[in-house]
Amino acid sequence: MSFLLKTPAEYQEAYRQSILHPEAFWENIANAYTWRKPWNDVLSWDFHNPNISWFEGATLNITENCLDRHIEQLGNQPALIWEPNDPKEQSRQFTYSELLEEVNRMANILLALGVKTGDRVCIYLPMIPELSFAVLACARIGAIHSVVFAGFSAQSLADRITDAQAEWVITADGQYRGAKQIPLKAIVDEALEISTGVKAVVVVNRLNWPLHLKPGRDYAYADLIKNVTNFCEPVERSSEDILFILYTSGSTGKPKGVVHTCGGYMVYAGYTFANVFQCDAPGKIFWCTADIGWITGHSYLLYGALLQGATTVMFEGIPTWPDAGRFWQIIDKHRVEIFYTAPTAIRSLMAQGIDPVLSYSLHTLKILGSVGEPINVEAWQWYHAHIGKGKCPIVDTWWQTETGGIMISTIAGVTEAPPATAGHPLPGIQPVLLDAMGTEITEDTGEGNLAIRFPWPGMLRGTYGDPERFRLSYFATYPGYYFTGDGARREPGGLYRILGRVDDVINVSGHRLGTAEIENAINLCPGVIESAVVGFPHEIKGQGIYAFVVLDNSIPEMELIYDQIMEGVASGIGRMAKPDKIQLVTGLPKTRSGKIMRRILRKIAEGEINNLGDISTLLDPNLVGEIIEGRI
Ligand code: WT7
């Protein structure tokens with residue numbers, strides 16, 4: 001692979017070239033992939049009336065790049081290793097040839113149901129092989145996949161189906177999560193009472209539960225697969241056709257459908273996977289613990305790893321069941337070389353002590369990765385010493401659903417950064433720090449809001465069905481820049497340390513949630529007048545959810561209100577959004593114009609009560625004392 005950076009000097013030279021001649025730089029990388037037609041234009045862009053296009057005029061199919069082009073050389077090499085929830089159940093392996101056949105079968109099922117190029121297919125599945133087949137099958141036939149993480153509630157699922165106008169759903173009877181069995185099809189049924197445009201539902205059997213199939217709408221995957229062949233021609237797609245939509249939270253209550261397109265996303269996922277994880281030789285065993293319902297699962301578990309001919313491990317279960325050694329046991333069992341996980345997982349396993357780690361050798365590991373939130377120094381050191389045995393480089397990869405792939409990170413074993421510092425921008429990425437006025441901080445070191453001033457192939461192309469929201473969310477705060485929503489510090493040597501979100505987005509155990517979404521769910525509970533949600537530092541989750549809630553006088557049994565709020569959030573969003581703390585207050589601190597002063601609530605939730613800043617502009621400054629008093 002010609003584009004692999006092997007030394008710090010090669011990284012620096014690639015970076016220099018990527019800034020001086022971005023089009024030539026990316027064109028050279030794109031040439032490593034298979035295209036049906038070449039591009040006319042490498043890049044055209046505008047960050048004011050945002051419009052970005054890469055490799056215009058070119059056509060391709062990403063699955064041809066992930067699967068078909070590898071068959072001759074790697075046909076018999078494992079592409080996907082699936083490890084079930086229960087260690088007593090057999091794992092399943094698929095070679096590149098077998099994976100291609102499974103994808104083709106699923107693609108033929110979708111075609112037989114009537115799915116057409118450009119149709120939206122909502123995928124609501126647990127981490128089972130069929131989830132991978134489904135995603136790639138959509139890509140193969142040119143349908144747009146919208147994967148919804150299986151922890152989201154019926155209401156959230158319905159909102160996403162409606163927003164994408166998805167006419168097709170792929171789900172399962174239910175899912176295993178540790179010792180629990182959780183229904184999925186029943187949740188889909190509930191969602192389809194709310195969102196009514198769905199033509200067909202394909203149901204995969206996972207739990208052997210009785211399938212309640214609605215005639216004319218629901219189909220058992222096991223029946224459909226009997227009637228299809230394992231050959232399906234990949235559909236030729238334009239570089240800028242939509243590959244997928246993935247919903248993520250923003251500052252407002254409504255999740256936005258981040259749109260990624262075929263050509264640029266492929267080039268960026270493949271390039272960053274190969275370089276950051278130094279995955280040069282095919283057959284390296286890569287395990288990303290993220291669910292495919294998040295961007296990390298899309299870009300690295302699936303597309304990135306397959307584009308580069310790696311063997312990707314997919315795990316159905318959770319890190320702590322049957323015991324806290326499950327991750328380490330899987331690493332030994334499948335001889336994992338590259339392991340990519342989230343700080344929250346590391347912290348929760350660290351809390352279980354070292355014994356579960358010591359039962360395993362972990363000697364196959366060569367590279368470790370971290371993603372999703374800032375990794376604290378203590379977790380970094382534990383990961384480095386006990387999992388990497390002091391010999392594996394750790395890549396702390398900063399990126400977002402919107403960026404499509406890793407943006408700021410060291411390159412494993414090639415470039416370095418101290419713990420908790422993500423590192424340098426990857427080639428092609430031009431980060432800037434902006435002060436409150438939107439002026440670039442040009443000093444070598446400094447702190448500000450992190451923005452990007454030049455397009456990269458993996459960037460989002462829109463928010464589905466809402467171009468104005470696309471502009472407002474990312475390009476309006478600082479005209480001429482893509483604004484990330486994160487704060488960052490530039491340290492000596494040009495290394496970036498990510499400081500966390502500066503908007504109303506919180507990151508709970510790697511789940512990105514908008515405070516407004518949670519408030520909306522709480523406000524729907526009977527008896528609630530209003531609420532304000534903020535994040536606070538949480539030892540395991542990174543951030544916890546702190547809800548300040550104002551009630552009316554109608555509540556007969558006060559104890560019940562806590563359960564009702566929990567239930568309201570679980571059914572409005574999903575169980576991962578349940579508040580850690582609920583404080584009942586008589587009012588919220590507001591400015592005279594009625595705006596909630598979240599800054600103050602954040603400080604109170606963080607316990608920084610001596611440093612509240614100016615509260616003189618509040619409508620009722622006395623309220624603050626009362627809220628501090630009742631702090632949990
Ligand atoms: C937000 C994006 C990128 C895939 C998973 C999350 C935070 C992500 C890091 C990191 C510090 C990080 C940022 C970002 N974040 N990676 N290595 N260090 N913060 O994707 O759900 O779109 O969330 O996650 O705050 O904006 P996402």
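Trainee: What makes strand S24 (residues 482–491) and strand S25 (residues 495–501) a pair?

Mentor: This is a predicted model. Six bridges join S24 to S25 in it, and the two strands run antiparallel. Pairing needs at least two bridges, so S24 and S25 count as paired.

Trainee: Which residue stands opposite Leu495 of S25?

Mentor: Glu491 does. The hairpin of S24 and S25 has three residues between the strands. There, Gly493 takes a positive phi near 90°.

Trainee: Why are helices H6 and H7 called oblique to each other?

Mentor: Start with the geometry. Two packed helices are described by the angle between their axes and the distance between the axes. The axes of H6 (residues 154–164) and H7 (residues 185–194) come within 8 Å and cross at roughly 55°. Roughly parallel means under 35 degrees, and roughly perpendicular starts at 65. The angle fits neither class, so H6 and H7 are oblique. Their crossing is right-handed.

Trainee: Which residues of H6 and H7 make the contact?

Mentor: From H6, Ala154, Gln155, Leu157, Ala158 and Ile161. From H7, Ile187, Val188, Glu190, Ala191, Leu192 and Ile194. By class, the contact has nine nonpolar, one polar and one charged residues.

Trainee: How many helices and strands does the protein chain have?

Mentor: The chain has 19 helices and 30 strands.

Trainee: Why is the chain called as compact as a globular protein of that length?

Mentor: Its radius of gyration is 24 Å, and the globule rule gives 26 Å for 632 residues. The two values are close, so the description holds. Along the principal axes, the C-alpha atoms fill a box of roughly 75 × 65 × 55 Å.

Notes. Residues are numbered from 1 along each chain as its sequence is written. This is a predicted model: local features need pLDDT of at least 70, side-chain atom pairs count only at pLDDT 80 or more; totals for chains, interfaces and linings use all residues. Side-chain values use heavy atoms; hydrogens and water are left out. Helices (H or I, at least four residues) and strands (E, at least two) are DSSP runs, numbered from the N terminus. Axes are lines fitted to C-alpha atoms, for helices over the stretch in contact, and angles run from 0 to 180 degrees between N-to-C directions. Angles under 35 degrees count as roughly parallel, over 145 as roughly antiparallel, 65 to 115 as roughly perpendicular and the rest as oblique. A crossing is left-handed if the near helix is turned anticlockwise from the far one by less than a right angle, and right-handed if clockwise. Contact means heavy atoms within 4.5 Å. Ala, Val, Leu, Ile, Met, Phe, Trp, Tyr, Cys and Pro count as nonpolar, Asp, Glu, Lys and Arg as charged, and the others, Gly among them, as polar. The radius of gyration is taken over C-alpha atoms; the globule rule is 2.2 Å times the number of residues to the power 0.38.
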